[in-house]
Amino acid sequence: QVQVVESGGGSVQPGGTLKLSCTASGPFSIYDMGWYRQAPGKQRELVARIGAGGTPNYADSVKGRFTISRDNAKATVYLQMNSLSPEDTAVYYCNAQHLITSADYWGQGTQVTVSS
């Protein structure tokens with residue numbers, strides 16, 4: 001079983017910053033990694049994704065504010081979140097997708113709250 005674990009969530013003021021981390025067991029270098037979020041009463045949505053080759057993509061709502069990166073040596077993906085707004089409040093989930101098998105693995109989620 002692949003273990004995916006998020007950390008770094010918390011509460012911040014509007015305009016603040018937060019950095020999330022996620023580790024995934026197994027062959028990290030051949031996982032596509034992504035961050036998703038789900039706000040109360042809403043569907044889960046893609047926030048940012050970074051391929052095994054290092055190519056990032058972002059939801060329009062976070063482009064220019066969030067940066068996804070990965071460190072394969074540490075088996076860790078990061079989400080640097082700047083200029084946070086209340087609309088960013090959600091549970092953030094880390095996803096690992098195996099490049100070869102396409103199997104998906106999910107973390108337990110970490111709460112991000114941007115108070116107003």
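Okay, let's start at Trp35, which sits opposite Ala48 of strand E5. Keep in mind that this is a predicted model. Trp35 and Ala48 belong to a strand pairing: E4, covering residues 31-38, runs antiparallel to E5, residues 45-50, and five bridges link the two.

Now, what happens in the hairpin of E4 and E5? There are six residues between those strands, and Gly41 has a positive phi, near 75°.

Let's stay with Ala48, and look at its other partner. Which residue in E6 does Ala48 stand opposite? That's Tyr58. E6 is residues 56-58, and E5 pairs with E6 over three bridges, again in the antiparallel sense. The hairpin here has five residues between E5 and E6, and this time Gly54 takes the positive phi, near 100°.

Quick reminder before the next part: strands in a sheet pair through backbone hydrogen bonds, and they can do that parallel or antiparallel.

So much for that corner; on to another sheet. This one is open, with four strands in the order E1-E3-E8-E7, and the pairing is antiparallel. Which strands are at the edges? Those are E1, residues 4-7, and E7, residues 66-71, each of which pairs on one side only. On average, neighbouring strands in this sheet are turned by 15° against each other, if you ignore direction.

Let's zoom in on the E1 end. E1 and E3, which spans residues 18-24, run antiparallel and are joined by four bridges. And if you want a spot to find on screen, look for Ser7, which faces Ser21 in E3 as its opposite residue.

Notes
Residues are numbered from 1 along each chain as its sequence is written. This is a predicted model: local features need pLDDT of at least 70, side-chain atom pairs count only at pLDDT 80 or more; totals for chains, interfaces and linings use all residues. Side-chain values use heavy atoms; hydrogens and water are left out. Two strands pair if DSSP finds at least two bridges between them. Axes are lines fitted to C-alpha atoms, for helices over the stretch in contact, and angles run from 0 to 180 degrees between N-to-C directions.
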